[in-house]
Amino acid sequence: MSPSPTPSASPHKIATMILLFSLLLASTTLTDAFNHAGIISSPITMNALTGRLHGLRVESPLVPAHRCQAQRNNNLELSDVSPRNESKKQKLVGSVALGFFAISSNAAVAFAAKKTATSAAVSSVSSLVLPTTSTLVMACLLPTLLGYYKSEYGVSYGYGTAMAVSSSLVLSSVATASGSPLLPLGTTLKPATLLPAIQAILQNVKSLLPISLPAFHASSLLFYGTRLDLFLFYRELCLPRFRAMRERIEERAKKQGSRLKRTPFLVSCAFLYFCMICPLLVTARLCGGLNMTDGLKMGFGGGLVPVLEQSLRVSVLMTLSGFLLGAIGDVNKSIGKAIQGEDSLVTGGIFRFFRHPNYTGEVIGWCSSCCAAFLAVFWKAAKTGEGGLALLRTMAPYLSLSVMGAIGISFVLGTATAGLEYRQHEKYGDMEEYKQWVKKSWVGFKMGQQRKKPSEDTADGDDEGSVDSEEKAEL
């Protein structure tokens, strides 16, 4: 007689518990980050969270779970929890939960463990207190969870919001370290004071841009994320065909199974977004005393340090320039199709030179951001004249993640470019205007050839999105 199966909890209930836990963790870590930045004051800290979760155990049959606490005094406390047998469904959900917590907790441990070594190599920004790694992980992960509601949202609004929130947290820390917090201490955000507060923030950011390279870098990423979200909202609100495309993507996602099956894809997207933020962490730590205005007065001569310094400024400027190119492309195509019709081929304006300025601009922006991280390390090592190898080792994890982010987003955008090229050729290939346009314009960074026949979800237009495109949703 075979033993009766072990009763298992509903996967939906377990998923709900995981989501509630993540929201609690996120609210605490984000509050802690704002406390460091001086924006709000709250007694809720990571210590309080540890007290609330005292006795809670996260178990998995694969890897022992850990409770970790990255305190400001760099004390780490780890405790193992013994595994036990679970049903297959519990194993699946438990593994997902463990992977979810490992991203934040292990990153926080690594950050705290290296903090002492980093402070010795990075002495120029002693007052800088950046958001913890776990805070930035949650800032990238939580918006991506919108993909549980609508599959396409994880790579559209989730992408833009993750970039905007992460960069704003770093920008706030940089502003506070510079002696000009985005909001004065004690400022409360109420409906009546919201508009003056926004005006004060914009004014403080404007004053920081010429005197702080990290603030300029962070503002570039903040501009990209905010601009992308606004454009997506306009497109969904005003263009019915994009709403229809979103619903078709959602219907196809539902046919693949429950929403819980989207977890690996959404977590991988959040990891990619975190990697794309890492270059900003490097420039924020190493370039606190570097401004953007001196570069206008000096050339590339005078030795290695000035050359690296100027190259670093150029890379940060190219980051913003790439994002501006993408924004101009979106506006150009939106206006062109509004005037000429949705089925028209837009070849004027910026499209006279770039066939896909949105994708091309993003590749330029993110690759330039990654280059800025490496140049910041080389510049700091050359300027100090000692400890260069130790500095490189300290920053190696951030540099590795930066490269992963640049390669990952370039692959996605290059594949999307190939797909858009294929669709445009299928739709306009017989037009003389299209043939002349192809000869005179640059395709951008294309990843291979798209040979697959367009599906019904992608064959109805030649519009490009950012990483929110239908090509990304199919990966």
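Mentor: Before we look at this predicted model, one idea: an angle over 145 degrees between two helix axes counts as roughly antiparallel. Keep that in mind for helices H12 (residues 357-384) and H13 (residues 388-428), whose axes come within 9 Å.

Trainee: Okay, so what makes H12 roughly antiparallel to H13?

Mentor: Their axes cross at roughly 170°. That is over the cut-off of 145, so the pair is called roughly antiparallel. By class, their contact has 19 nonpolar, four polar and two charged residues.

Trainee: Now Arg227 and Asp330. Why is this pair called a salt bridge?

Mentor: The closest N and O atoms of Arg227 and Asp330 are 2.4 Å apart. The limit is 4 Å, so the pair counts. This bridge links distant parts of the chain, with Arg227 in helix H8 (residues 213-238) and Asp330 in helix H11, 103 residues apart.

Trainee: And how do you know whether Asp330 is buried or exposed?

Mentor: Buried means under 20% relative accessible area. Asp330 has 4%, so Asp330 is buried. Arg227, at 14%, is buried too.

Trainee: Why is Gly289 called exposed?

Mentor: Gly289 has 72% relative accessibility, and exposed means over 50%, so the word fits. You'll find Gly289 in the loop between helix H10 (263-286) and helix H11 (304-340).

Trainee: What about Ile198 in helix H7: why is Ile198 called partly exposed?

Mentor: Its value is 40%, which lies between 20% and 50%, so Ile198 is partly exposed. Together with Leu194 and Leu202, Ile198 forms a nonpolar patch on the surface, with about 280 Å² of accessible area together.

How values were computed:
Residues are numbered from 1 along each chain as its sequence is written. This is a predicted model: local features need pLDDT of at least 70, side-chain atom pairs count only at pLDDT 80 or more; totals for chains, interfaces and linings use all residues. Side-chain values use heavy atoms; hydrogens and water are left out. Patches are made of residues with over 30% relative accessible area and no salt bridge: like charges are joined within 9 Å, nonpolar side chains (Val, Leu, Ile, Met, Phe, Trp, Tyr) within 5 Å. Accessible areas come from the Shrake-Rupley method with a 1.4 Å probe; for residues, only the protein chains shown count as cover. A salt bridge is a side-chain nitrogen of Lys or Arg within 4 Å of a carboxyl oxygen of Asp or Glu. Buried means under 20% relative accessible area, exposed over 50%, partly exposed in between (1.4 Å probe, protein chains only). Axes are lines fitted to C-alpha atoms, for helices over the stretch in contact, and angles run from 0 to 180 degrees between N-to-C directions. Helices (H or I, at least four residues) and strands (E, at least two) are DSSP runs, numbered from the N terminus. Angles under 35 degrees count as roughly parallel, over 145 as roughly antiparallel, 65 to 115 as roughly perpendicular and the rest as oblique. Ala, Val, Leu, Ile, Met, Phe, Trp, Tyr, Cys and Pro count as nonpolar, Asp, Glu, Lys and Arg as charged, and the others, Gly among them, as polar.
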